[in-house]
Amino acid sequence: MKNRRKTYLYIFLIAALYIFAVQINRMERDNETSEAAVNRSQDMESEEAESFFEDRKRVALTFDDGPGEDTEGLLDGLKERNAKATFFVVGEKVEQYPDTVQRMKDEGHLIGNHTYTHVQMNTLSCEAAIAEVKKTSELIESIVGEGTGYLRPPYGECTKQMKKELDMFIVLWDVDPLDWSIQNEDAVVEKVLRDVKDGDIILLHDIFDTSVRAAIRIVDALQKEGYEFVTVEELMFP
């Protein structure tokens, strides 16, 4: 009788251990399945995000030497098309068109510095060049409530010492149709559309009516190709 009870107890223990092992194995499989599902979901989200950024084409439209009498019309066209731009303004012009500068800010465009008198900075002493830039930044701040960290030196010229002391982002360009020189709307449009590619910075001047009309045509053409027009800041720091 005692031997039979021992046998039953042994069988019971074996069965319990078997059931326990089966449950542990099932839990492990469930965890692995859950982790795999999470990993697949994360991989899909990562692939979708990468695809989104790969498919998106972005360019920065920039304007130098303004504001001018044609800038308001340009702003109207950009607003209608939900296109953002960057305006590298000259301090003397800022004093003439403060309301236009305020509108640039209000409508989401980026305002950059183009010195006070459009002087070639590397022909001045470091102190004089910095004074030109700072005066314009102070004017911008007095109008829109904040300065700017972006500088486009006229003619693209600036010494290393000036760059170091100003501590601003120096913004040049990728596509230059020489609109200030030719002042031909069709030629400017053709040149930009031929040369532009994703990630480029386009250089134009909003003080010429031919350039303003060309800019609107460029926006229309590139938006049809899937381009998004963003500020220089958005292009540099997406």
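Q: How much surface does the chain expose, and what share do carbon and sulfur atoms supply?
A: About 13,800 Å² is exposed, with carbon and sulfur atoms supplying 51% of it. Keep in mind that this is a predicted model.

Q: OK, and what percentage of the residues in the chain is buried?
A: Of the 238 residues, 39% are buried.

Q: Switching to secondary structure: how many helices and strands does the chain have?
A: There are 10 helices and 7 strands.

Q: Let's look at strand 1. Why is it largely enclosed by the rest of the structure?
A: Strand 1 covers residues 57-64, and 7 of its 8 residues are buried, so the rest of the structure largely encloses it.

Q: In what sense does strand 1 pair with strand 6, and over how many bridges?
A: The pairing with strand 6 (residues 201-205) is parallel and has 5 bridges. In one of them, L61 is matched with I202.

Q: And what about strand 7?
A: Strand 7 (residues 227-230) is also a parallel partner of strand 1, over 4 bridges. There, A60 has V230 as its bridge partner.

Q: What about strand 2?
A: Strand 2 (residues 86-89) pairs with strand 1 in the parallel sense too, over 3 bridges. T62 has T86 as its bridge partner in strand 2.

Q: Which helix goes with strand 1 and strand 2 in the β-α-β unit, and what's the handedness?
A: That's helix 2 (residues 71-80), and the unit is right-handed.

Q: Last one, on contacts: for those with a separation of 6 or more, what share comes from residues 24 or more positions apart?
A: Such residues account for 75% of those contacts.

Definitions and conventions. Residues are numbered from 1 along each chain as its sequence is written. This is a predicted model: local features need pLDDT of at least 70, side-chain atom pairs count only at pLDDT 80 or more; totals for chains, interfaces and linings use all residues. Side-chain values use heavy atoms; hydrogens and water are left out. Helices (H or I, at least four residues) and strands (E, at least two) are DSSP runs, numbered from the N terminus. Buried means under 20% relative accessible area, exposed over 50%, partly exposed in between (1.4 Å probe, protein chains only). Contact means heavy atoms within 4.5 Å. Accessible areas come from the Shrake-Rupley method with a 1.4 Å probe; for residues, only the protein chains shown count as cover. Two strands pair if DSSP finds at least two bridges between them. A crossover is right-handed if, with the strands pointing away from the viewer, the path from the first strand over the helix to the second runs clockwise.
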